[in-house]
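Visitor: Here are two chains, and I should like to learn how to read such a picture. May I begin with the places where helices meet?

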Amino acid sequence: MGQQQGAYFVPTKSSWPIVAAVVMFVTVFGAAHWLNAEPGEASFGKSVITLGFVGILLMFFGWFRSVIRESLAGNYNSQVDRSFRMGMMWFIFSEVMFFGAFFGALFYARMYAVPWLGGEGHGVLTHQFLWSDYAASWGANGGGGPGRVGGSFQTVAPWGLPLLNTLILLTSSVTITIAHHALKAGHRGKILVFLGLTVLLGATFLYFQAHEYIEAYKELNLTLQSGVYGSTFFMLTGFHGMHVTLGTIMLAVIWLRVLKGHFSKDHHFGFEAVAWYWHFVDVVWLGLFMFVYIL
Amino acid sequence: MAHAATHDHHDDHHGAPTNFFTRWCMSTNHKDIGTLYLIFSLAAFFVGGSFAMVIRAELFKPGMQLVQPYFFNEMTTMHALVMIFGAIMPAFVGLGNWMIPLMIGAPDMALPRMNNLSFWILPFAFALLLSTLFMPGGSPAGGWTMYPPLSLQTGSLAYAVFAIHLMGISSIMGAINIIATILNMRAPGMDLLKMPVFVWSWLITAFLLIAVMPVLAGAVTMLLTDKYFGTSFFNAAGGGDPVLYQHIFWFFGHPEVYIMILPAFGIISEIVPTFARKPIFGYKAMVFAIAAIAFLSFIVWAHHMFAVGLPLGAEIFFMYATMLISVPTGIKVFNWVSTMWGGSMTFETPMLFAIAFIILFTIGGFSGLMLALVPADFQYHDTYFVVAHFHYVLVTGAAFAIMAATYYWLPKWTGHMYSETWGKVHFWSSVISVNVLFFPQHFLGLAGMPRRIPDYNVAFANFNMISSIGGFWFGASQLIFLGVIIHAVWFSKKKATDRVWEGAKGLEWTVPSPAPFHTFELPPVIRDEELAHGHVED
Ligand code: HEM
Ligand SMILES: [Cu+2]
């Protein structure tokens, strides 16, 4: 497994990267085919996506398995560890920028687009000629835009489920930190308990969010189509929810790896990477709670 | 195998794998992956170039001659996407892959398997993108910038969006790899401020890539949901705004143009000292100028949007911020010229391309400065003047730098010298034709000819014909390039020395030519006189 000479480690050839490229291609090809299909022809694309997703799961499983084996064999020296850390940090930074695009869209819509449509600033003529009866505001009344795209709707009250979810995620940040300290101190039982709690908190968050979505669709008529309000609401919380899902799965995998005794006091990058990811997801949620729900 | 830095125990598993599939599809070797990137880029260059030939053929004369208008728009859109994401960016990643480990004394990239994945995503992404040309709805045809609402009305949007997602993932992984390599894999003694300028330029470019590719992903995702899932990001009736797309896109887009030029700056900063036989003038200033340009590139994006009706304050802010970029850019040009000043210069093909770069890129910079003036840009925006501007910075800038780099390092890669005669023929043919091709487009733009239009007023006929002739000529010249490369790889008898160029400095010239499959398996000892830019004075 790889050649290690002097200070450097270079891994051997591997088929996982090209497998990864193939399954990614299959997935997006299926997705594109499905979206582009004429009515009634979507089933082909849907089957291809499913195939692709299964492939991606198997690929992750296989690739990580081989990496874990190499790690357990002691192949990864401190330099490799540093490369992995940098990789994860910069990956999280790229995720921050991805969310940044959607937060940017939210701020722009609230601070510029909607007020301009209501006649503010240089939007005065648009307002007068196209939508002179539109009184700009965010939320239930104005967030659907002057065309009331998606029909009238109500917003999700921040101090119910969203507050609860905030508390859940904050608590989970604490539990994972406790687990981390336990790992450094070498208390396996304590790690398993607190990491397990973190997984459960993540799952509970997702359960409540699903509940909130169903309520929004069924009772509030707040949907993805509810003008720019619905677009930003669901895209931001939806992408965040996808990240929580991924994070929860990763935490569960790490829990299993702790159970199998994969980590040592000073060699546990996998644990830390997932912990960083979890904190990142947490911070994004605080931004969402603030700017999507409260304000 | 003369040099002590290259390890000389070459057991079996140290050489290149003999099985073709194993070697090229499962590689973890930075040189093989670099080669794959470069070949891919060359192929994309010819595919994208053939689209350009269609464009210039249609524009040869006024009136509709050869193609349908929709197909013409497909060509302008696909030409740009293929050249930007398929030719220029992969070429720089390929050069970075090959040269960065060699330049900093690392055995390979920091994350070699991810490196292979970054590459192999690309052929699939382009298969997805190019296949749209043959689909019932046609390919996207709203321009590479994909502004809504137009882009929502042209064909196969979903395919293009997913292709862009894939390219973005590839670029981000490539960039992460390059940062980790540079920050973590340098040989002892290769301090940050001793690194070659090319390595610095890539470090900063990689940062730009990680910062803005996800933003592009966000922008095209919003296009996707607006078209297929009924969101209203860019729909005014729903409270959105098409201009929002332009903001997000250009927040990516302007740093993107610097992603395509900063590594070129790095290349020129390697070549000029070699053939002037002098260390680069103002090494630190060069590094700080690159960093300053990268920083400024985040606060100038709206110069692409002066004509959409921005608030006055925004127009003024973005105008001045844009003009500010001329300062660090000017420093770079000044330093290249000063490096040549008093040097004992020779004019091999890489140097010819480098000098052409300095002159012609500067012309592109000047036209950029003209475009940065808000009142002037109201006239120039969306005309051929813009087309002329960005082709000077991208073709005679980025592409010329890539060609210079190819000639400069080809002997190191292949172990053979290319044909200097044919290299020079390629250079002169290209440098003359490219000006015949793009210079008249300035006049067309100033006279008001709009871009992305298949037909035009007869008043523009002469300059268009000249431009088209230049275009075919430039296209044909690149076949010489292809010939020179094929000759150097397979047929050239002339062995390259390790140093290759008399004045060349830097670790990459201490390893044999061709560079063996594995280099620097043990960290090399770095001596000051071997540093690419001489001693670093404070
Ligand atoms: C020297 C500094 C530069 C300045 C001041 C500058 C300024 C501008 C301005 C104001 C525009 C918008 C013109 C319009 O649409 O009305 C523009 C367009 C463009 N520039 Fe530059 N530019 C500079 C350098 C570069 C470089 C280095 C590159 C790439 C290597 C580049 C690539 C482009 C491209 C691709 C476009 C057109 C984008 C499109 O609309 O399709 N520019 N430039
Ligand atoms: Cu720009």
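Visitor: Which residues in H8(B) are met by residues in H3(A)?

Guide: This is a predicted model, in which local features need pLDDT of at least 70, side-chain atom pairs count only at pLDDT 80 or more, and totals for chains, interfaces and linings use all residues. Residues are numbered from 1 along each chain as its sequence is written, while chains are lettered from A and ligands numbered from 1 in the order in which they are written. Helices (H or I, at least four residues) and strands (E, at least two) are DSSP runs numbered from the N terminus, and two residues are in contact if their C-beta atoms, placed from the backbone, lie within 7 Å. From H3(A) come A:Ala101, A:Gly104, A:Ala105, A:Tyr108, A:Ala109 and A:Ala113, and the residues they meet in H8(B) are B:Leu244, B:His247 and B:Ile248.

Visitor: How many nonpolar residues has the contact of H3(A) with H8(B)?

Guide: Ala, Val, Leu, Ile, Met, Phe, Trp, Tyr, Cys and Pro count as nonpolar, Asp, Glu, Lys and Arg as charged, and the others, Gly among them, as polar. This contact has no charged residues and 2 polar ones, and its nonpolar residues number 7.

Visitor: Are H3(A) and H8(B) parallel or oblique to each other?

Guide: Axes are lines fitted to C-alpha atoms, for helices over the stretch in contact, and angles run from 0 to 180 degrees between N-to-C directions. H3(A) and H8(B), residues 242-259 of chain B, pack at about 140°, with axes 10 Å apart. Angles under 35 degrees count as roughly parallel, over 145 as roughly antiparallel, 65 to 115 as roughly perpendicular and the rest as oblique. The two helices are therefore oblique.

Visitor: Is the crossing of H3(A) and H8(A) left-handed or right-handed?

Guide: H3(A), residues 78-117, packs against H8(A), residues 227-259, at about 160°, with axes 10 Å apart. That angle makes the pair roughly antiparallel. A crossing is left-handed if the near helix is turned anticlockwise from the far one by less than a right angle, and right-handed if clockwise. The crossing of H3(A) with H8(A) is left-handed.

Visitor: Which element gives the most residues to the side of chain A that touches chain B?

Guide: In total, 60 residues of chain A are in contact with 62 of chain B. Strand E1 (3-5), strand E2 (8-10), helix H1 (16-36), H3 and H8 of chain A each give two or more residues to this side. With 21 residues, the element that gives the most is H3(A).

Visitor: What distance separates the end C-alpha atoms of helix H2 of chain A?

Guide: H2(A) covers residues 42-72, and the expected span of a helix is 1.5 Å times one less than its number of residues. Its 31 residues should therefore span 45 Å, which agrees with the distance in the model, 45 Å.

Visitor: Which helix gives the most to the shell around ligand 1?

Guide: A residue is near a molecule or strand if its C-beta atom, placed from the backbone, lies within 6 Å of it. Of the 25 residues around ligand 1, B:Val257, B:Gly368, B:Leu371, B:His381 and B:Phe390 come nearest. Helices H12 (326-340), H13 (349-372), H14 (374-380) and H15 (384-414) of chain B each supply at least two residues of the shell. With 7 residues, the one that gives the most is H15(B).

Visitor: Where is B:Pro149 found?

Guide: B:Pro148 and B:Pro149 are joined by a cis peptide bond, with omega about 0°. B:Pro149 is found in the loop between helix H4 (112-131) and helix H5 (150-153) of chain B.
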